[in-house]
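Hi everyone, thanks for making time for this. I'd like to walk you through one structure, so please pull it up on your screens and follow along.

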Amino acid sequence: MDIQWDNIQPYFSDNGATYQEVQDAYIKEAAGIYTQVPEKEIPRLTRLCRENPMEDLEHITTFILYTLQSNAFYTRTPGMFPFNEDPVEYFLFQGQEGYCQHFASAAVLMYRLYGVPARYATGYAVSPSAFQEQADGTYRAVVTDESAHAWPEIFIRDYGWTPVEVTPMGEGITAGYPGFDTEIFQNIMTDTGWDLSLPSLQTQEEDTEDTSREEKKPVFSWEADQKSLWIGLTIGTVVFIVLLGFFYRRYKRRDQWIQKGGMGRLFDQLLFDLHFSGIMREYQGWERDFYSRLSVEIPAVSLKEAEQIVRAAREESFGNPEKPRQESFQAAYGSCLKIRNTILNEMKTRKRLIYYLRVSFRWFSS
């Protein structure tokens, strides 16, 4: 709608006043509901918006488009995202590849962080050229899953929920709504000095550890107090033996820990086993060739078994949480156990002991 409230027709004045009251009430509710953000789960995105305050809705939209489209690339095959990590944070700050769902989710959260009521919407995006005129003068288009789409919607006074296109669609910026168009976008980009061709975000945090510091090594004097030294060594040995027995018992109960945690914990333990042994350290589990590489590195596990592990992990993360998957979990558990035994058999005694301690500590600290 484009209502001229100062020049409203007399016969519509009563309805207009009622509409304004309803709209004001809705905006008040929307400001409390559609601006909620789990800030603790997305600290980097929260910090990004706080460090870049914007003047108005036009600058907010421009900054969102600039951030998304200068740092992330559109693809329909971004691969699996890491477990136990926020998808939007990973998409924008690390993976930087995704499709409409990822762009829309990031935009909704950014709008909300700026205090703009926003919601996530899904449906279909159909080009006007897809419509064919019918004999009766109407137009018809055949819509398939290829046209499935996701986008953010923001609430604008007198217009209601308004779609904003933030997913890259070929050349140029296609986002547009009343009060914002390509010309406004370009003017703001020029005034602020932003450049879509230059990434504005870093994908990895700089290592701030100062490696130039000299290590201070304690100096012991054998003549000073040999008796105290031997007492200390004896106590340390006893404590070590007690702790070793304690952690070994913990290690033997690791199966209960994994069973209780489900597929997510099982897959996390699998990655730990692989990385600890030096196998596939560059993999995090979501890569498209993860299961095929796994079957090559661990010949004891077939390609089918490796694929089943990844499938069970995906079902756990993205499937219906109410649907039981005990059978697929048990199959994946058996394969992971086979992988662990293979890895342990190839380890030297000293490294195997360290592995037992590390696994026991992980279970104890969890």
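Let me start with the contacts. Taking those between residues at least 6 apart in sequence, 65% join residues at least 24 apart. Please keep in mind as we go that this is a predicted model.

Now the overall inventory. The protein has twelve helices and seven strands. It has 366 residues, of which 36% count as buried. The accessible surface comes to about 23,200 Å², and carbon and sulfur atoms account for 51% of that.

Let's turn to the strands, and to β6 in particular. Strand β6 covers residues 148-156, and eight of its nine residues are buried, so I'd call β6 mostly covered, with buried meaning under 20% relative accessible area. Which strands does β6 pair with? One partner is β3: the two run antiparallel and are joined by seven bridges. If you want a place to look, G123 has H149 in β6 as its bridge partner. Another partner is β7, residues 160-163, again antiparallel, with four bridges between β6 and β7. Here F155 pairs with W161 in β7, and I156 stands opposite G160.

How many residues lie between the strands in the hairpin of β6 and β7? There are three. One residue in that hairpin is worth a click for anyone who likes backbone torsions: D158 takes a positive phi near 70 degrees.

That hairpin also takes us to the salt bridges. As a reminder of the general idea, side chains of opposite charge can pair when their charged atoms come close. The count for this model comes to eleven salt bridges. I'll show you a few of them.

The side chains of R157 and D24 meet in a salt bridge, at 2.7 Å from N to O. R157 sits in the loop between β6 and β7 while D24 belongs to helix α1, so this pair ties together parts that are 133 residues apart in sequence. Are these two residues buried or exposed? With the limits at 20% and 50%, R157 is partly exposed because its relative accessibility is 45%. D24, at 38%, is partly exposed too.

Next, have a look at R340 and D273, whose side chains form a salt bridge at 3.3 Å, N to O. This pair links distant parts of the chain, with R340 in helix α11 (residues 326-345) and D273 in helix α8 (residues 254-276), 67 residues apart. The setting here is a buried one: R340 has a relative accessible area of 3%, and D273 has 2%.

A third pair is E282 with R293, at 3.0 Å from N to O. E282 lies in the loop between α8 and α9, and R293 lies in helix α9 (290-297), so the pair ties together parts that are eleven residues apart in sequence. R293 is partly exposed, with a relative accessible area of 25%. And there is a network as well: R44, E85 and E89 are joined into one by salt bridges that share partners.

While we are at helix α1, which covers residues 13-33, let me point out A17 within it. A17 counts as partly exposed, at 36% relative accessibility. A17 and W5 are twelve residues apart in sequence, and their C-alpha atoms are 9.4 Å apart in space.

On to the surface. Which residues make up the nonpolar patch? They are Y124, V126, F131, Y139 and V143, and together they have about 470 Å² of accessible area. V126 is found in the loop between β3 (118-124) and β4 (132-133). Its relative accessible area is 30%, so V126 counts as partly exposed.

Last topic: the cysteines. A disulfide is a covalent bond between the sulfur atoms of two cysteines. How many disulfides does a search of the whole structure find? Zero. As for where two of the cysteines sit, C49 is buried, with a relative accessible area of 5%, and C100 counts as buried as well, at 10%.

That's my tour. Thanks for listening, and I'm happy to go back to any view you'd like to see again.

Conventions. Residues are numbered from 1 along each chain as its sequence is written. This is a predicted model: local features need pLDDT of at least 70, side-chain atom pairs count only at pLDDT 80 or more; totals for chains, interfaces and linings use all residues. Side-chain values use heavy atoms; hydrogens and water are left out. A disulfide is a pair of cysteine sulfur atoms within 2.5 Å. Buried means under 20% relative accessible area, exposed over 50%, partly exposed in between (1.4 Å probe, protein chains only). Two strands pair if DSSP finds at least two bridges between them. Patches are made of residues with over 30% relative accessible area and no salt bridge: like charges are joined within 9 Å, nonpolar side chains (Val, Leu, Ile, Met, Phe, Trp, Tyr) within 5 Å. Accessible areas come from the Shrake-Rupley method with a 1.4 Å probe; for residues, only the protein chains shown count as cover. A salt bridge is a side-chain nitrogen of Lys or Arg within 4 Å of a carboxyl oxygen of Asp or Glu. Contact means heavy atoms within 4.5 Å.
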